[in-house]
Amino acid sequence: MRKRSYYLSVIIFLFTLLLCNGQSIETPGTRLVILGTCQDAGSPHIDCSKNCCINLSIEEKEKRKVVSLGIIDDKSRKTYLFEATPDMTSQLASLSDMSGFKTNMLPDAIFLTHAHIGHYTGLMYLGKEAKNSKEIPVYTMPGMKTFLQDNGPWSQLVSDKNIALNKLLHNQETTISDDFKVIPFLVPHRDEYSETVGYKIIGPGKSVLFIPDIDKWGKWSRDIIEEIKKVDLAFIDATFYSASEIGYRDISLIPHPFVIETIEKFKDQSLSLRNKIYFIHLNHTNPLLNKTSKEYMEVIQNGFNVAEIYSVFSLD
């Protein structure tokens, strides 16, 4: 009896240890995982001597990766990646580990939103200097497709057949597998080299809105409140908490919706609707990166969420 009690105690300890490290036992299905939450240039930011960057622990630095989502489709035994970031190598390793079935780290497809550095430059790791992959499907809008085809070094990925470009169309559903579909939709943003899209990600039971980059909500032809009512989860642009962060840049050139503006916009909506929202794409100056900040506490107290790396959401 004493021996059985000992083994039971060990099992309980190990299970608790897993939970304390943010892990959980997943049931098979279709899952969305957070692989990064930061703005394009990451955190710590290049040449930043502010407290937001210089006082980070090694553990905090390891967790601060550029915004990316992964999809794990257990039924088809495939994984998919949203955004090819500068952190793509480690993000694919995490996606492979979390899937439990991948024998390699390559995704079965990549979906891009636009041609800004944090959202597509990870494609470089698929070229001859790195993996030299074979026709990884990359889904893009027409403008992004043309940009990759016509400009080096990305055009070499196409000509060498490291990637195979697949064209998406605005508001047109594309079926990827029995349990996974996507609908891209155009959003207003700085479109120097390509258009910018968000995605509606559709699983077998739940749907997700993913808008990592957009200009002010009022510039969009759609109502963000109504769009979030149509889905189960929403990961939306929270680059800056407020204008006070941006004393070093012309604010008119980076018109992201401030977190305080989004909070104000949704203040009269139901708690259940606010609970759907996860703020993502956080600039290195954004106090939401610090869980002990008063701004982080305010967001949580108002019923919103801040996306956390390695979080897992069932889409069944």
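1. Before we get to the sheets, a word on terms: two strands count as paired if DSSP finds at least two bridges between them. Strands (E, at least two residues) and helices (H or I, at least four) are DSSP runs, numbered from the N terminus.

2. Keep in mind that this is a predicted model, where local features need pLDDT of at least 70, side-chain atom pairs count only at pLDDT 80 or more, and totals for chains, interfaces and linings use all residues. Residues are numbered from 1 along each chain as its sequence is written, and side-chain values use heavy atoms, with hydrogens and water left out.

3. One open sheet has 7 strands with mixed pairing, in the order S6-S5-S4-S3-S2-S1-S14. Its edges are S6 (163–167) and S14 (312–314); each has a single partner strand, so one side of each lacks a neighbour in the sheet.

4. Inside that sheet, look at S2 (residues 68–73) and S3 (residues 78–82): they are antiparallel and joined by 5 bridges. Ile72 has Thr79 in S3 as its bridge partner.

5. Now the helices, with contact meaning heavy atoms within 4.5 Å. Angles run from 0 to 180 degrees between N-to-C directions, and axes are lines fitted to C-alpha atoms, for helices over the stretch in contact. H4 (residues 88–99) lies across S1 (30–36), S2, S3, S4 (109–111) and S14, at about 150 degrees to S1. H6 (residues 142–150) lies across S5 (136–140) and S6, at about 150 degrees to S6.

6. There's also an open sheet of 7 strands ordered S7-S8-S9-S10-S11-S12-S13, again with mixed pairing. S7 (174–177) and S13 (305–306) are its edge strands. Within it, S9 (residues 197–202) and S10 (residues 207–211) run antiparallel, joined by 4 bridges, and Tyr199 stands opposite Phe210 in S10.
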